[in-house]
Every structure is written in structure tokens, then in C-alpha cells.
Amino acid sequence: MTINCDVAVLGGGTGGYVAAIRAAQLGKEVVIIEQDKLGGTCLHRGCIPSKALLRSAEVYATVKESAAFGVETAGATLVFPKVQERKEQVVQQLHQGVQYLMRKNKITVLKGTGRVIGPSIFSPKSGSIAVELEDGEMETVVSGNLIIATGSRPRQLPGLEPDGQYIMSSDEALTMDALPASIIIVGGGVIGVEWASMLNDFGVEVTIVEAAPRLLPAEDPDVSKELQRLLSARGVKILTSCELLTDSYGKDEEGIQIDIRQGEETQTLSAVKLLVSVGRQANVENIGLENTDIRVVNGFIAVNADYQTHEPHIYAIGDCIGGVQLAHAASHEGIAAVHHLSGEQAHHTPDHMIPRCVYTRPETASVGLTEEQAKQAGREIKVGKFPFQAIGKSLVYGSKDGFVKVIADRESNDILGVHMIGTHVTDLISEAALAQLLDATPWEVGQLAYPHPTLSEILGEAMQAVDGKAIGI
Ligand code: FAD
């Protein structure tokens, strides 16, 4: 059977389903093809389940520390199956929400695996996709425009592939039915540090092995340093500038052993489990790209600034094009692509202006350039920094750790970057991103009468600190 539509979306993750909704809102007939579950990585194997687990870990840690707040408890007991059950409930509720949105917007959902089969016989400017449905039947979708949003999967290390017992990627880790006593986490990027913080709070002995000289190598070094200090203080063992000697990997009934080299020294690490979190690989294979002129560069689908591939009627968005591999980047790109193909005004946020959040305890969040990047870009900079220690609401919460750092251009006063670490900073970064988007100067942001006592006061103080005018220090 053949289904004709205006826009077909291949992949129903955050990028794909948001693009589908916006296309339907603009009056398009839309078909979305998803081989697994609508919501994709973010909803089922990423943002939401990991944050639900992190929240349970935070509650557990808070209960254990409650005596400091004058609340004595008889002791905290972690019931991990309940933690997993709660996580599943959150995911299921949101999954139902996405399904409802498809019905509400009259989007046709095909559950099956799609492959681009080239230009349609009706018009070389439209595309056809062959869809193998769950029951093995085939369906053909012919669309005016196609949006590829096939996402990504965990990158594997040769010799350390998930084995169902000892070695996990984040996919397997999310569905663990019991916690290991100890774990080695390979990779100190976003996913690695979130798992380290969570598992440490759950009482697991955690070792992070990172090849770069610091955790979160893409973030501002001051943030990395503070996070490393705070995780170390909680007992996380952090080994940076490390080479993992994968050939040395061994396992027995106790767990796993693996050697690492740091400079001249080699040591053997052992743990019950190993989590590999070394980035994400785009899903670009077996989706029929060979039937098109679409190019893949460094493993990602190449697109122009409007998210068009080398076949102008075919767009690609989200993790499969690389860049900022985050859910809100994927949905933003999806909306921009739909606006472009519809002839509507499309808003493009440059990659560096997409906020980046890390949900460790405490959280980190950033937008714009790091100090190093600003200097490399030849900017004369001025920096304002303000500590959470001087923010009343942070002390009320029970934390004096962290800071906000603002980097501005000395001449133009442009906000170049804002970097945060501290309590709930993932909820504070949007204001900084908006200020940057609207071209505000640090002085302008500092003019707001920030409500007191709130964590948000720190942004006003850090902005004023850029010109030496912070009040609280
Ligand atoms: P995906 O969500 O990967 O969706 C792609 C979809 O396409 C999948 O459902 C897949 O089944 C489907 N598909 C693929 N090929 C085909 C085919 N041939 N036919 C039919 N369907 C197909 N981002 C954040 O912003 N915040 C976070 O806190 C965060 N936490 C994360 C935690 C973890 C552990 C992980 C792994 C990721 C996290 N991310 C987070 C990243 C975020 O999940 C991704 O950036 C986001 O899901 C990308 O969306 P997407 O639509 O591009 O792809």
C-alpha cells in the first residue's frame, strides 16, 4: 500500500515528534515512522529515565544527610526495584503524552523500520520511504519532504562491548535490576559524570577513567575543577589523563579487571561492573542513504544551515547530524527545518548558544563560549564570578558549593559565555541564554530586581561582578 503525505518524518525521538507536530500545526499531512517507541532515546533511554534515577539518588542522599537539617530519621533504606518502578511510571506517563499529541495533531504513526528508497516516481523532488511494519508487511510512504531524525546509539569500545552481565552502556545501566557494589565508568563526559554522581549517592563505589586531563572536557575548566573537587570529596575516585588498556580486560565470578596507564605508571582496576560512556554514534546505516545524494561526513549526515541534506527536499536533524547532541537542540532543529520547508521564517540558534546541562549533584549548566574558546576566538574578555556561598537561598538549601562565571567582551560588552555549578543551576541557565539571545549586556541583566531569597540572585551578582560591581562579596 502507498500513503501520500506532505511531510514524512523518519524517527520518532524528540527531534522527530516535535518536527511532526509543528508540520501538522502548519497544515501539513504528516506521517511519522518509528521502529521502537515514540519519544526515542530521550524519553526511553536518556534524559527522562536517567533524571528520574538521579532524583531518587538525591532523595536518598538528602535523607541520609537530614540530621544536618535537624531531622533525625531511623535510617534510610534503598529499595532499588521501587526506584526503577517509579522511573518507569514517569516514562510511561510521558510516553502516553506523546502518543496523545500524535492523535491530537492527526499525525499518522507507522510502527516499523523505514528506509529511503529515493525520489518518488511522481516527482524527483519528493521522496519515498519503504517501511517494514511490525507484522512484516511493507508500506510505502511518498512525501513532498522528508525529515531524517534517526538519532544515535551508545558508541562502543572494541573489546568492551555490552555483554549482558559485566559490561554496560547507558542503555543497559538504566534497566539494572540491582546495584553493583562497585563500578568503573569509562568516560568522564556528561553521561559518565551523571552516572558517577547518581551511583555514588546510591552507595556504589565509583571509579571514573577519563582520557582527557579533566572531567567534562568540553566545559569551562573552572567548572570541571569544581565538579572534580566535589565528586572526589564524596568518595568518587577520578583518574584523568588515563589510557585504558582494553587488551588487559579480564573477568571472573567477582567481577572485572582492567589495566590503565597514567603517564609512566600502569595499575589494575577491578570492580563488579564496567560502564562504557564514550559518546554517541549516529544512526546513519541501513536507512537507505545510498539511494540518495545525501552525504555522511565523520559519521554524521551533512546538512546546511537550514538542515537540508544534499537532496534539498530531504532534511536531517537531531543526533544524526552531530553538533550539540541534546534533546532541546534536536527539537529546535526540527522546528527550524519545518519552518524552512514551509516557507516560514526559521530561527537558527548557533550551536554554542544552546544551553548545556549536567544533572550531577551539584548540577552544572552553561551557554556560550568557555574562557579558553573566547580567548582563542581573539576576544578581549572580562570575567565576573560569584560564589553560591554568598547566596542566602543556597545556604538555606544546605549547600555553599559552586559559582556562576560570566565571560563578556571587554569592548562590546557582549555576553560571550555563562558557566554555572551549584544547586539547581539547570533551572537558572535559561535566563542567561535568553540574555545572550537578546543581546543584553551584563549591566542590563544586573539591573533586574532579583527576588530575594532565590538562587536566581546569583546571576545578577555574577553579571555585575563583570564590572566589579557585585554587592554580596
Ligand atoms: P533519538 O531520540 O535517538 O530518536 C531517534 C528515533 O529514531 C529512535 O526512537 C529510533 O528508534 C528511531 N529510528 C532510528 N532509525 C529508524 C528507522 N530506520 N526507522 C524508524 N525509526 C528509526 N539530552 C538532553 O537534552 N538532556 C538530558 O538530560 C539528556 N540526558 C541523556 C542521558 C542519556 C543516558 C543519554 C543516552 C542521552 C541523553 N540526552 C540528553 C541526549 C538526548 O537523549 C538526545 O540528544 C535526543 O534523544 C536526540 O533526539 P533525536 O530525535 O535526534 O534522536
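Author: Before we start, some vocabulary: Ala, Val, Leu, Ile, Met, Phe, Trp, Tyr, Cys and Pro count as nonpolar, Asp, Glu, Lys and Arg as charged, and the others, Gly among them, as polar. Also, this is a predicted model.

Reader: Ok, so how many nonpolar, polar and charged residues are in the shell around the ligand?

Author: The shell has 21 polar residues, eleven nonpolar ones and seven charged ones.

Reader: And which residues are the closest to the ligand?

Author: Of the 39 residues that surround the ligand, the closest are Gly 15, Glu 34, Thr 41, Lys 51 and Ala 327.

Reader: Which helix or strand gives the most to that shell?

Author: That's α2, with four residues. Others that each supply at least two include α1 (14-25), β2 (30-34) and α8 (327-341).

Reader: What does the side chain of His 328 do around the ligand?

Author: An N or O atom in the His 328 side chain sits 3.2 Å from an oxygen atom of the ligand. Overall, the protein buries 94% of the 1000 Å² that the ligand exposes when taken alone.

Reader: What about the backbone of Gln 35?

Author: A polar backbone atom of Gln 35 is 3.2 Å from a nitrogen atom of the ligand. For Cys 47, a polar backbone atom is 3.5 Å from a ligand nitrogen.

Reader: Switching topic: why should helix α3 span 26 Å?

Author: Because α3 has 18 residues (47-64), counted at 1.5 Å a residue; the C-alpha atoms at its ends are 26 Å apart, which agrees.

Reader: Which residues in α3 are buried?

Author: Among them are Pro 49, Leu 53, Leu 54 and Tyr 60. Their cover includes α2 (40-45), α4 (80-104) and α6 (190-201).

Conventions. Residues numbered from 1 in each chain as written. Predicted model: local features only at pLDDT ≥ 70, side-chain atom pairs only at ≥ 80, totals over all residues. Heavy atoms only, no water. Expected span 1.5 Å × (residues − 1). Buried < 20%, exposed > 50% of the residue type's maximum accessible area, 1.4 Å probe, protein only. Contact = heavy atoms within 4.5 Å. Near = heavy atom within 4 Å. Polar contact = N/O pair within 3.5 Å; in protein donor to acceptor, adjacent residues only side chain to side chain. Areas by Shrake-Rupley, 256 points an atom, 1.4 Å probe, with all protein chains shown as cover.
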